[in-house]
Amino acid sequence: MRSTSWAGPARRSAVGHGFHLIVAMIGACLLAVAGTQTVSGQPVANGDGTGFSIPFSGAPAYEHVAPTQLTSPEQLNQPLGQEWADTIAGQIGLNRADALSEQQYLDLTSGGGVGGNLDAAAVIVACVEILTNTVGRPVYSEVGGQRVTSVLGSYGLYVNPSGSLESPANADAPTRQVNTLIAPGGFVGNWLRDNGALHSLTALYRSAYTVQAAYGFAAQQMSGAAQLVTNTKGGVSAEVGMSMAPPLWIVNFALIYILNPTLAAGMPAYWAPIPPQVAEAIKASPTGQVPYRDYAGYFG
């Protein structure tokens, strides 16, 4: 959910193969990125007309699966819906049978099951809330001493509990911190194995998740504290949060779909350009964060 990987432990043959494949893909992707950069060190366009450059465009075979830029105000922060989510799952190699059972989902997200952990469960739940911050699913924060709601999923931004606006890939965000839980040998992989969900972990590795995780890893290494992505199409450039870049969106979708397909249906269906004044402020901030109360007006 960081936007790079929800990998489990490489302790059985299928899972071990998946992990080593991810490591190999990351190495290959980093070499490919180095080979496609310009003299100035900037990523280059992949030429498919979407506006995202390599590695932010992800694997060419899957870029069309990710959200496109909205074309009308009504699409802003709209969720996928279940039918669309199930279609996307099929396109990346997943289906409902790959997801956790209802009991497994409830146990994992409540700190239950074999080896359950309340703190880990809280981080996972927070990640889902941030990545499904669409219409009808507001995030709650404290801004200026008042409890406020915000819906910013299409921008690839969110407001943290203390009122700071940031990318979900910011080092401060649960969606970034969760990587200690989802890393190989980490809590999530161990929990799935110990609670009869090895099939879900295997399905994840066999899906587009594996190759997209490699692109996502490379993209994040290039994006500094702000963790924003530049999209350039038709001579017009715009910024969007890292979580809406094709490889990272697909990785997060795969992870949430495995957790619960209904939750994945709440992810943003379209991406929206961050207002330029807001994007510049985030990029100028050494932490990649700005006070939401100072910039809320730019989001209408």
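**Group meeting: a walk from Gln-75 into the core**

Okay, let's start with one residue: Gln-75 counts as buried, because its relative accessibility is 16%. Buried here means under 20% relative accessible area, exposed means over 50%, and partly exposed is in between, with a 1.4 Å probe and protein chains only.

Quick housekeeping. This is a predicted model, where local features need pLDDT of at least 70 and side-chain atom pairs count only at pLDDT 80 or more, while totals for chains, interfaces and linings use all residues. Residues are numbered from 1 along each chain as its sequence is written, and side-chain values use heavy atoms, with hydrogens and water left out.

Back to Gln-75. You'll find it in the loop between S1 and H2. When I say helix or strand, I mean DSSP runs numbered from the N terminus: H or I with at least four residues for helices, E with at least two for strands. What does Gln-75 touch, not counting residues up to four places away in sequence? Leu-70, Ser-154 and Tyr-270, where contact means heavy atoms within 4.5 Å. The C-alpha atoms of Gln-75 and Trp-271 are 8.9 Å apart, with their positions 196 residues apart along the chain.

Asn-77 sits in the loop between S1 and helix H2 (82-91) as well. Its phi is positive, about 60 degrees, although Asn-77 is not a glycine. Asn-77 counts as buried because its relative accessibility is 5%.

Asn-77 also turns up in the contact list of Thr-134, along with Gln-78, Pro-79, Val-151, Gly-266, Met-267 and Pro-268, leaving aside neighbours within four places in sequence. Thr-134 belongs to the loop between helix H4 (118-131) and strand S2 (139-143). Is Thr-134 buried or exposed? Buried, because the relative accessibility is 0%.

Now let's zoom out. The chain has 13 helices and 9 strands, and 55% of its 300 residues count as buried. Take the contacts with a separation of 6 or more: 72% of them come from residues 24 or more positions apart. For the surface people, the accessible area is about 12,200 Å², and 55% of that belongs to carbon and sulfur atoms; that's Shrake-Rupley with a 1.4 Å probe, and for residues only the protein chains shown count as cover.

On to the inside. In soluble globular proteins, nonpolar side chains tend to be buried together. For us, a nonpolar core is a set of buried Ala, Val, Leu, Ile, Met, Phe, Trp, Tyr and Cys residues joined through side-chain atoms within 4.5 Å. The largest one here has 76 residues, and the members touching the most others are Leu-157, Leu-165, Trp-249 and Phe-253. H10 supplies the largest share of this core, 11 residues.

Trp-249 and Phe-253 are both in helix H10 (residues 246-259), 4 residues apart, which is about one turn of the helix. Both are buried. The structure holds 7 aromatic pairs. In the pair of Trp-249 and Phe-253, ring centres are 5.4 Å apart and planes are at 15 degrees, so we call it stacked. The rule: rings of Phe, Tyr and Trp (its six-membered ring) pair if their centres lie within 6.5 Å, and planes under 30 degrees apart are stacked, over 60 edge-to-face, the rest tilted. Ring pairs also bring in Tyr-257, making a cluster with Trp-249 and Phe-253.

Which residues does Phe-253 touch beyond four places in sequence? Leu-80, Ala-85, Ile-88, Ala-89, Ile-92, Ala-264 and Met-267.

Next, strands. There's an open sheet of 3 strands in the order S4-S5-S9, with antiparallel pairing. Its edge strands are strand S4 (158-159) and strand S9 (290-291), each pairing on one side only. Strands pair if DSSP finds at least two bridges between them, and S4 has 2 to strand S5 (residues 164-166). Val-159 stands opposite Leu-165 in S5, and Leu-165 is one of the core residues I listed a moment ago.

Then the hairpin: strand S6 (residues 228-233) runs antiparallel to strand S7 (residues 236-241), with 6 bridges joining them. Val-229 faces Val-240 in S7. With 2 residues between the strands, Gly-234 takes a positive phi near 60 degrees.

Ahead of that hairpin, Gln-227 lies in the loop between helix H9 (209-221) and S6. Its phi is positive too, near 55 degrees, in a residue other than glycine. Gln-227 is buried, with a relative accessible area of 2%.

Last stop for the backbone fans: Ile-54 and Pro-55 are joined by a cis peptide bond, with omega about 10 degrees. Pro-55 is in the loop between helix H1 (13-36) and strand S1 (68-69).
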